[in-house]
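Okay, thanks for squeezing me in today. Let me put the structure up so we can walk through it together.

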Amino acid sequence: MFSLNSKFSKNVLTLVSGTAIAQAIPLGLSPILTRIYSPNDFAVFAIYMSITALGTTVVSLKYDLAIIIPEKDEDSANVTVLSIIIAFIVSLVLLIVTFFFNDQIAKFMVDDKTDPAVLSDWLYFVPLSILLMGVFNAISFWFNRKEFYKRMAASKVMNTAGMTGIQIGLGTLSIGPIGLLLGFILGRLSSVLYLLGKFKGDKNTAFDKITNERMKTLSKRYKRFPYYTLPAEFTNVISNQLPVFLIGKYFGGVILGNYSLMERVLNAPITLLGRSILDVFKQRASEDYINFGNCKAIYLKTFRTLVLLSIGPTALLFAFSPFIFGTIFGPEWRQAGDYARVFSILFFFKFTASPLSYMFHIAEKQHFDMFWQIGLLIFAVISFVVGIVNNSIMVALICFVGSYSLMYILNLYLSYSFAKGDLKS
């Protein structure tokens with residue numbers, strides 16, 4: 001059971017307390033944002049965030065996921081530096097691509113009624129956003145390894161507080177959707193600088209043993225991450241962001257703006273609260289798996305915690321989301337509540353399965369994950385093709401939620417099999 005006296009529970013509560021604040025800030029201030037910015041403003045921001053999400057997936061070639069795995073700190077330190085170096089190289093390459101093709105990318109992403117000029121200008125900021133995420137993730141994984149959970153929680157609060165505060169402040173100046181972009185970048189920058197300051201202050205001796213030869217050796221040792229995890233997660237991001245791209249292209253900015261608000265509200269607990277539980281689970285599960293060949297006990301404890309945390313919000317969203325969204329965010333956002341009712345089912349399965357899916361990495365079964373992600377992408381494409389053919393966004397979303405829910409049930413089955421030590425070959 002979830003005991004407050006266990007180390008696992010205390011670590012979860014440390015992160016949850018910080019991330020609860022981080023989650024409450026943007027959600028609590030969203031009613032202000034939705035009255036400052038229009039659905040069309042949020043639509044442009046959603047497209048930018050989706051492009052950034054694609055770039056963030058490849059920024060460190062997923063070597064950052066391996067930081068927590070090595071037995072020796074010096075090996076982990078080498079992987080950390082390797083991840084940051086790769087992030088700089090990838091971001092530079094993306095900047096060059098953006099310089100030559102930003103206009104073409106912008107025109108491809110929006111419908112015929114939307115001016116692509118705004119998005120075209122924003123694309124120059126994508127490499128910077130991706131670089132900041134790459135550095136943030138690498139240092140966060142190192143701190144996760146060292147169990148510096150208070151720092152990780154503080155960085156999340158700093159990020160969301162800075163982002164939302166700047167977005168509101170700039171929004172009151174009536175400068176348009178650019179306020180959403182600058183808030184996102186400056187909020188992330190503040191959290192990265194905070195982590196870098198703590199990182200530098202530690203003066204960990206493991207980083208005195210960084211060598212090109214050792215980084216090269218470890219890049220080969222953990223080659224499964226770029227070979228299998230990278231295409232798997234890139235496929236996952238494409239399938240998750242596909243609705244943003246297709247809604248913006250075929251259903252227009254107002255519908256995309258409402259969809260993006262719904263997604264933002266529902267993903268907040270998955271991204272922040274679920275990520276906090278993941279940060280603790282992966283550290284304990286990795287240790288148990290190395291020492292005992294399985295981590296069934298901590299898997300089941302985490303599973304029960306996730307189910308208990310998700311049942312209430314799922315029921316609330318299904319019953320009252322149109323009323324909640326219309327009341328809190330304004331009448332023009334009631335449509336987002338209709339979408340939230342449909343997505344409440346998927347929220348339950350995604351919130352429960354996502355943290356536990358780290359078992360694919362711990363058991364080094366990334367090829368299973370890759371095939372699962374490909375299945376997600378196929379179902380996403382089919383769902384929206386059906387919706388576009390029927391000219392109905394609700395048909396597309398219902399098909400999307402139904403197929404994805406089944407896939408997350410399969411994900412839970414596989415991750416539990418790995419946690420028990422099954423499928424080792």
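I'll go through the pockets, then a cavity, then one buried residue and one helix pair.

Before anything else, keep in mind that this is a predicted model.

Let's start with the largest pocket. There's about 370 Å³ of space in there. It has 17 lining residues, and the ones closest to the centre are Gln23, Leu27, Val265, Pro269 and Leu317. If you want to find it by helix, look at α1, residues 7–36, then α10, α11, which is 296–329, and α12; each of those supplies at least two lining residues. The largest share comes from α11, with 9 residues. And what's the lining like by class? We get 15 nonpolar residues, 2 polar and no charged ones.

Now swing over to the second largest pocket, which has a volume of about 220 Å³. Here I can give you the whole lining. It's Ile51, Leu54, Gly55, Leu94, Val97, Thr98, Ile105, Met109, Leu123, Val126 and Ile130. The helices that put in two or more residues are α2, α3 at 73–109, and α5 at 126–145. Which of them gives the largest share? That's α3, with 5 residues. By class the lining comes out as 9 nonpolar and 2 polar, and again nothing charged.

Okay, closed spaces next. The model has 2 cavities of 30 Å³ or more, and I'll talk about the second largest one. Its volume is about 180 Å³. There are 14 residues around it, and closest to the centre you'll find Glu263, Asn267, Phe343, Leu346 and Lys350. Three helices each give two or more residues to that lining: α10 at 253–292, α12 at 334–356, and α15 at 393–419. α10 gives the most, with 6 residues. This lining does have some charge in it: 10 nonpolar residues, 2 polar and 2 charged.

While we're on α10, let me zoom in on asparagine 258, which sits in that helix. Is it buried or exposed? Asparagine 258 has 0% relative accessibility, and the cut-off for buried is under 20%, so it counts as buried. And what does asparagine 258 touch, once you leave out its neighbours within four places in sequence? The list is Pro39, Glu332, Trp333, Arg334, Gln335, Ala336 and Tyr339. One more distance for that residue: asparagine 258 and isoleucine 393 are 135 residues apart in sequence, and in space their C-alphas are 12 Å apart.

Last stop is a helix pair. Helix α2 runs over residues 39–58, and helix α7 over residues 178–202. Their axes lie 9 Å apart, and the two pack at an angle of about 40°. Angles from 35 up to 65 degrees fall outside the roughly parallel and roughly perpendicular ranges, so α2 and α7 are oblique to each other. On the α2 side, the residues that meet the partner helix are Asp41, Phe42, Phe45, Tyr48 and Met49. On the α7 side they are Leu180, Leu181, Phe184 and Ile185. By class, that contact has 8 nonpolar residues, no polar ones and 1 charged.

That's my tour, so let's go to the discussion.

Terms used
Residues numbered from 1 in each chain as written. Predicted model: local features only at pLDDT ≥ 70, side-chain atom pairs only at ≥ 80, totals over all residues. Heavy atoms only, no water. 1 Å grid on protein atoms, 1.4 Å probe; cavity = no way out; pocket = protein on both sides within 12 Å on 5 of 7 lines; lining within 4 Å. Points joined across faces, edges and corners; volume = space filled by probe spheres on them. Helix = DSSP H or I, 4+ residues; strand = E, 2+ residues; numbered from the N terminus. Nonpolar A, V, L, I, M, F, W, Y, C, P; charged D, E, K, R; others polar. Buried < 20%, exposed > 50% of the residue type's maximum accessible area, 1.4 Å probe, protein only. Contact = heavy atoms within 4.5 Å. Axes fitted to C-alpha atoms, helices over the stretch in contact; angles between N-to-C directions. Parallel < 35°, antiparallel > 145°, perpendicular 65-115°, else oblique.
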